[in-house]
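Work through the following exercises with the sequence and the three-dimensional picture side by side. Try each task before you read its solution.

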Amino acid sequence: MKENSLAILYIALGKYSVFWNNFFKSCEKKFCKELEKEYFIFSDNLDGLDNLDERIKFYQQDNLGWPCSTLMRYHMFSRAKDLLKEYKYICYFNANTLFIQTINADEFFGNDRNELIGGLHPGYKNQSKDKYPFERRESSNAFTRNKNYYFQGCINGGQSKYFLNAIDELKNNIIEDINQGIVAIWHDESHWNSYLNNKIQNNSNAVKILGCNYLWPEEFENNTDSKILMRNKKLFGGHELLRGIEKNQNKLNIRFLQNVKSKLSKLI
């Protein structure tokens with residue numbers, strides 16, 4: 001393992017590469033400067049992906065359409081698992097992430113007892129737990145029994161061995177759901193929530209819980225304490241333009257999901 005090392009995972013499908021330059025520059029300047037950072041980009045094109053050097057590994061990845069490009073993220077990450085196991089930490093950030101305050105590794109990843117990290121969803125700040133949009137169908141692997149925290153899917157990560165275990169389990173859970181004709185209500189985010197809440201139930205120290213300041217939406221009211229800003233996608237054309245697909249293209253159905261699953265399985 002590379003001591004003091006961090007692998008950063010980044011998906012830039014469609015036109016999401018528009019966020020890359022500011023993400024990279026702010027990450028280099030503000031985030032975990034004491035760690036040796038290397039980047040893993042999964043993208044269907046190189047447009048806008050500047051600043052590529054030997055620390056940045058590029059994986060050609062087809063645009064799978066919505067919601068498969070997010071639902072199948074753990075399959076994408078699995079493509080790099082042989083390299084990822086060499087790092088101390090691994091962290092995925094949504095493409096529209098911008099670091100606005102200095103953050104060190106201890107602050108973000110916690111101590112050795114903290115296996116994974118999870119960022120509390122700012123959309124449900126100060127709301128009661130019965131409002132949290134967990135997957136409630138017991139037939140889904142994303143069903144959440146321990147409904148203590150609701151985490152946003154824009155940050156995934158932790159110590160490498162624990163996050164790689166999570167990748168394998170979540171990937172299998174998603175495929176089992178697809179084989180049963182099930183897509184979780186909030187896709188990969190639902191599976192991530194189920195996994196983290198179960199971890200916390202078994203070991204309260206297993207997850208370093210990051211407050212909303214670490215994934216604060218730009219469109220929300222100003223928050224002078226925010227450390228990471230999630231850029232407002234509407235300012236960059238909106239979701240459909242950024243995803244690079246026509247409206248209703250790749251309409252979600254189980255046959256389409258089966259085709260995506262088959263295509264991805266050949267890459268891993």
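**Exercise 1: an open sheet**

Pro 217 stands opposite Met 230, which belongs to strand 10. Before going further, keep in mind that this is a predicted model, in which local features need pLDDT of at least 70 and side-chain atom pairs count only at pLDDT 80 or more, while totals for chains, interfaces and linings use all residues. Residues are numbered from 1 along each chain as its sequence is written, and side-chain values use heavy atoms, with hydrogens and water left out.

Task: find in which sense strand 9 and strand 10 pair, and state which strands are the edge strands of their sheet.

Solution. Begin with the terms: helices (H or I, at least four residues) and strands (E, at least two) are DSSP runs numbered from the N terminus, and two strands pair if DSSP finds at least two bridges between them. Strand 9 and strand 10 (residues 228-230) pair in the parallel sense, over two bridges. Next, place them in their sheet, which is open, has three strands in the order 5-10-9 and shows mixed pairing. The edge strands are strand 5 (97-99) and strand 9 (216-217), each of which pairs on one side only.

**Exercise 2: the surroundings of strand 7**

Task: work out which strands pair with strand 7, and in which sense.

Solution. First take strand 4 (residues 87-93), which pairs with strand 7 in the antiparallel sense over five bridges; within this region, Phe 93 has Ile 155 of strand 7 as its bridge partner. Then take strand 6 (residues 116-119), which also runs antiparallel to strand 7 and is joined to it by two bridges, and note that Leu 116 stands opposite Gly 158 in strand 7. Finally, consider burial, where buried means under 20% relative accessible area, exposed means over 50%, and partly exposed lies in between (1.4 Å probe, protein chains only). Five of the five residues of strand 7 (residues 155-159) are buried, so this strand is largely enclosed by the rest of the structure.

**Exercise 3: two acidic residues without a salt bridge**

Task: for Asp 177 and for Glu 189, find the nearest side chain of opposite charge.

Solution. A salt bridge is a side-chain nitrogen of Lys or Arg within 4 Å of a carboxyl oxygen of Asp or Glu; for charge, Lys and Arg count as positive and Asp and Glu as negative, whereas His and the chain ends are not counted. Asp 177 is in helix 6, a helix of 20 residues (160-179) that reaches 29 Å from its first C-alpha to its last, close to the expected 28 Å, where the expected span is 1.5 Å times one less than the number of residues. Asp 177 is buried but has no salt bridge, and the nearest side chain of opposite charge, Arg 137, is 6.4 Å away. Now turn to Glu 189, which lies in helix 7 (residues 187-202). Glu 189 is likewise buried without a salt bridge, its nearest side chain of opposite charge being Arg 73 at 7.4 Å. The side chain of Glu 189 does, however, make a polar contact of 2.6 Å with the side chain of Tyr 150; such a contact is a pair of N or O atoms within 3.5 Å, and within protein one must be able to donate a hydrogen and the other to accept it, while residues adjacent in sequence count only if both atoms are side-chain atoms.

**Exercise 4: salt bridges across the chain**

Task: which parts of the chain do the salt bridges Glu 28 to Arg 55 and Asp 188 to Arg 73 link?

Solution. In the pair of Glu 28 and Arg 55, the closest N and O atoms are 2.8 Å apart. Glu 28 lies in helix 1 (residues 20-30) and Arg 55 in the loop between strand 2 (36-43) and strand 3 (56-60), so the pair ties together parts that are 27 residues apart in sequence. Asp 188 and Arg 73 meet in a salt bridge at 3.2 Å, N to O. This pair links distant parts of the chain, with Asp 188 in helix 7 and Arg 73 in helix 3 (residues 73-78), 115 residues apart. To finish, compare their surroundings: Glu 28 counts as partly exposed at 27% relative accessibility and Arg 55 as partly exposed at 23%, whereas Asp 188 is buried at 4% and Arg 73 is buried at 4%.
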